[in-house]
Amino acid sequence: HDITVRKQLEYEVAQLAFFDPLTHLPNRRLFNDRLGQTLTRAKRDQSAMALMFIDLDKFKPINDAHGHETGDWVLQAVAKRIEGCLRASDTAARVGDDEFLVLLPDIRTREDALTVAEKIRLTLEQPYVTPSGLSLETSASIGVAIYPDQAQTEQDLLRLGDSAMYQAKNIGGNAVQMGQTHGASTIPNRG
């Protein structure tokens, strides 16, 4: 019995250390570990990978108008929608209030990454209907960075992805922005 309790406590501590308690997605700590492993594997195998920064647009007004419980429900729904757009080998993580990261190992072309990013954008802009029947809307600004085309290190991938996400937000949100070392290319809002 004692070992069962101890094992349960160890499991709960690991969950708290590596997973977001609200969405059950990996947290920043686990994501950074997976990013390092994926980058090492991509360098070894001479393959490409993508990193996405996803920041929700118009999320704060949902929290302000409907309360944190509704906001938490939306974040859980967002997490499920993002995961529904990914392969089993991909990783989605919640790293901030309404910020998510996605890791796509083994992509063939940058268009593969843009296709997934656009699929996520379209999925997240669909209305969210709460259990009480309230219909809410949010969208996402998504920044994409590619190894080896645009960055060679974890830090450069993170910097470029974050910068591209802010560029998507600055053009009005609900957009996918490809990070580039010289300029950027945009997939505008198609909704």
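Me: What are the helices and strands here, and how many of each does the protein chain have?
Reply: Helices and strands are DSSP runs, with at least four residues for a helix and at least two for a strand, numbered from the N terminus. The model is a predicted one. From the N terminus on, the elements run α-α-β-α-α-β-β-α-β-β-β-α-β-β. The secondary structure comes to six helices and eight strands.

Me: What is the radius of gyration of the protein chain, and what does the globule rule give?
Reply: The chain has 191 residues, and the globule rule gives 16 Å for that length. The value for this chain is close to that, so the chain is as compact as a globular protein of that length. Its C-alpha atoms fill a box of roughly 55 × 40 × 25 Å along the principal axes. The radius of gyration is 17 Å.

Me: What percentage of the contacts in the chain, at a separation of 6 or more, joins residues 24 or more positions apart?
Reply: Contact here means heavy atoms within 4.5 Å. Take the contacts with a separation of 6 or more. Residues 24 or more positions apart account for 65%.

Me: Which residues touch the most other members of the largest nonpolar core?
Reply: In soluble globular proteins, nonpolar side chains tend to be buried together. In this chain, 47% of the 191 residues count as buried. The largest nonpolar core has 36 residues, and the ones touching the most other members are I82 and I120.

Me: Which elements give two or more residues to this core?
Reply: The helices on the list are α4 (68-84) and α5. The strands are β1, β3 (99-107), β6 and β7. In full, the elements are β1, α4, β3, α5, β6 and β7.

Me: Which residues is I120 in contact with, leaving aside its neighbours within four places in sequence?
Reply: I120 is one of the buried residues of α5. Others there include L114, V116 and L124. Beyond its sequence neighbours, I120 is in contact with M52, I54, I82, C85, L86, V102 and I142.

Me: How many residues are in the other core?
Reply: Another core lies apart from the one around I120. Among its members are A42, F53, L103 and L157. Its count of residues is 17.

Me: How far apart are the end C-alpha atoms of helix α5?
Reply: Helix α5 covers residues 110-124, which is 15 residues. At 1.5 Å a residue, α5 should span 21 Å. The model agrees, with the end C-alpha atoms of α5 apart by 21 Å.

Me: Is Q177 buried or exposed?
Reply: Q177 sits in strand β7 (residues 175-178). Its side chain makes a polar contact with the side chain of Q167, at 3.0 Å. Buried means under 20% relative accessible area. Q177 is at 5% relative accessibility, so it counts as buried.

Me: Is H24 buried or exposed?
Reply: H24 lies in the loop between α1 (2-18) and α2 (28-45). Its phi is near 65 degrees, a positive value in a residue other than glycine. Its relative accessibility is 57%, so H24 counts as exposed.

Me: What is the relative accessibility of Q46?
Reply: Q46 is found in the loop between α2 and β1 (48-57). Phi of Q46 is positive too, near 55 degrees. Q46 counts as exposed because its relative accessibility is 74%.

Me: Which residues does a cis peptide bond join?
Reply: Look in the loop between β6 (139-147) and α6 (154-170), where P148 lies. Omega of the bond is about 5 degrees. The joined residues are Y147 and P148.

Definitions and conventions: Residues numbered from 1 in each chain as written. Predicted model: local features only at pLDDT ≥ 70, side-chain atom pairs only at ≥ 80, totals over all residues. Heavy atoms only, no water. Expected span 1.5 Å × (residues − 1). Buried < 20%, exposed > 50% of the residue type's maximum accessible area, 1.4 Å probe, protein only. Polar contact = N/O pair within 3.5 Å; in protein donor to acceptor, adjacent residues only side chain to side chain. Rg over C-alpha atoms; globule rule 2.2 N^0.38 Å. Core = buried A, V, L, I, M, F, W, Y, C linked by side-chain atoms within 4.5 Å.
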